[in-house]
Amino acid sequence: MAVRYLRREGASFRPRWDAAVMRPTIAYGLRGHIGSIFQFLNYRLDTFIVNGFLGTSGVGFYGSAVSLGELLWQFPTAVGFVIFPKSSASRPEEMNRFTPRVLKLTLGILIVGAVMLALAGPLLIEILYGPAFAPSYRPLLALLPGIVFMGGGKVLANEMAGRGHLQYNSICAGLSLVLTVILDLTLIPRFGAVGAAAASSLAYLAFFVAALGFYLHVSRRAVSATAA
């Protein structure tokens, strides 16, 4: 259906090389893809580290906490889908007013969701996974603050990507990945699955702080460029 509509609008689907299009497209995509790899490793590498220290039972408890906590990311992910094209199509001054309001709203909703999940956590774990997974509750509590901050980081990362600054997302994701590995190796031997959750939570906080710093830099530079 999409192809049919675009053909009516005059689009051609015959493949041909266009350097003027491909070079900036590939350059833009690579900057983002590096960050996507870092982020994927940041989300999943800790599971292998947990398995190395705690075995499959530890992975089960930690994985259950992660699965529940990541439910809160559905909202900032949806916000990211909207803010990315809006950022690319809007003037910097407009986004400088719009993004802070969206960020505050997103963080507010995530905080409410985290509190509700913390209160309902024991019941949800028992219903979804069974009484044997009750030890997943403490890792969930340790993970929730980071889930909230990472949700805010997702909003800022998508906004900056829309402005063409994908490299900042990659830097934030790389920083978060390095912290995850270091903190996992430090905390898991001492605190088990709770240590893994705390390590992820702190790494997500670092992502948010770095993303916020880059966003302030980008937005202020945009204002300066407009004034000039």
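These legends go with close-up views of a predicted model.

**View 1. The whole chain is built from helices.**
The predicted chain holds seven helices and zero strands. Read from the N terminus, its elements run α-α-α-α-α-α-α. The C-alpha trace spans about 60 × 45 × 30 Å along its principal axes. The chain has 228 residues, and 41% of them are buried. Take the contacts with a separation of 6 or more: 82% of these are made by residues 24 or more positions apart.

**View 2. Helices α3 and α4 come within 11 Å of each other, axis to axis.**
Helix α3 covers residues 74-89, and helix α4 covers residues 92-128. Their axes cross at roughly 175 degrees. An angle over 145 degrees counts as roughly antiparallel. The two helices are therefore roughly antiparallel to each other. From α3, the contact uses F75, P76, V79, I83, K86 and S87. From α4, it uses E94, M95, F98, T99, V102, T106, I109 and L110. Sorted by class, this contact of α3 with α4 has nine nonpolar, three polar and two charged residues.

**View 3. Helix α3 has buried residues and an exposed valine.**
How far apart are the end C-alpha atoms of α3? They are 24 Å apart. At 1.5 Å a residue, the 16 residues of this helix should span 22 Å, so the two values agree. The buried residues of α3 are P76, V79, G80, I83 and S87. Helices α4 and α5 are among what covers them. V82 also sits in α3. Is V82 buried or exposed? V82 has 54% relative accessibility. The cut-off for exposed is over 50%, so V82 counts as exposed. Look also at I37, 45 residues from V82 along the chain. The C-alpha atoms of V82 and I37 are separated by 22 Å.

**View 4. The largest nonpolar core has 39 residues.**
Which members of this core touch the most other members? They are Y62, L72, L144, Y204 and F207. Several helices each supply at least two residues of the core: α2 (19-69), α4, α5 (137-162), α6 (166-191) and α7 (193-227). Helix α7 gives the most, with ten residues. Now focus on Y62. Leaving out residues up to four places away in sequence, Y62 touches D46, T47, V50, A193, A196, A197 and S200. There is also a second, separate core of five residues. I83, M95, V102 and V155 are among its members.

**View 5. E159 is a buried residue of helix α5.**
E159 is found in α5. Its relative accessibility is 0%, so E159 counts as buried. What does E159 touch, not counting residues up to four places away in sequence? Its partners are I83, S87, M95, T99 and Y215. Two of these partners link back to View 3: I83 and S87 are buried residues of α3.

**View 6. Q39 is buried in helix α2.**
The place of Q39 is in α2. Q39 has a relative accessible area of 11%. Buried means under 20%, so Q39 is buried. Q39 touches M150, A173 and F207, again leaving out residues up to four places away in sequence. F207 appeared in View 4, among the core residues that touch the most other members. C172 lies 133 residues from Q39 along the chain. The C-alpha atoms of Q39 and C172 are separated by 9.0 Å.

**View 7. R163 lies in a loop and is buried.**
The loop that holds R163 joins α5 and α6. R163 has a relative accessible area of 18%, so R163 is buried. Find R91, which is 72 residues from R163 in sequence. In space, R163 and R91 are 9.5 Å apart, C-alpha to C-alpha.

**View 8. L179 is a partly exposed residue of helix α6.**
L179 is found in α6. How accessible is L179? Its relative accessibility is 28%, so L179 counts as partly exposed. L179 touches A203 and A206, not counting residues up to four places away in sequence. N158 is 21 residues from L179 along the chain. The C-alpha atoms of L179 and N158 are separated by 22 Å.

Methods: Residues are numbered from 1 along each chain as its sequence is written. This is a predicted model: local features need pLDDT of at least 70, side-chain atom pairs count only at pLDDT 80 or more; totals for chains, interfaces and linings use all residues. Side-chain values use heavy atoms; hydrogens and water are left out. Axes are lines fitted to C-alpha atoms, for helices over the stretch in contact, and angles run from 0 to 180 degrees between N-to-C directions. Helices (H or I, at least four residues) and strands (E, at least two) are DSSP runs, numbered from the N terminus. Angles under 35 degrees count as roughly parallel, over 145 as roughly antiparallel, 65 to 115 as roughly perpendicular and the rest as oblique. Contact means heavy atoms within 4.5 Å. Ala, Val, Leu, Ile, Met, Phe, Trp, Tyr, Cys and Pro count as nonpolar, Asp, Glu, Lys and Arg as charged, and the others, Gly among them, as polar. A nonpolar core is a set of buried Ala, Val, Leu, Ile, Met, Phe, Trp, Tyr and Cys residues joined through side-chain atoms within 4.5 Å. Buried means under 20% relative accessible area, exposed over 50%, partly exposed in between (1.4 Å probe, protein chains only). The expected span of a helix is 1.5 Å times one less than its number of residues.
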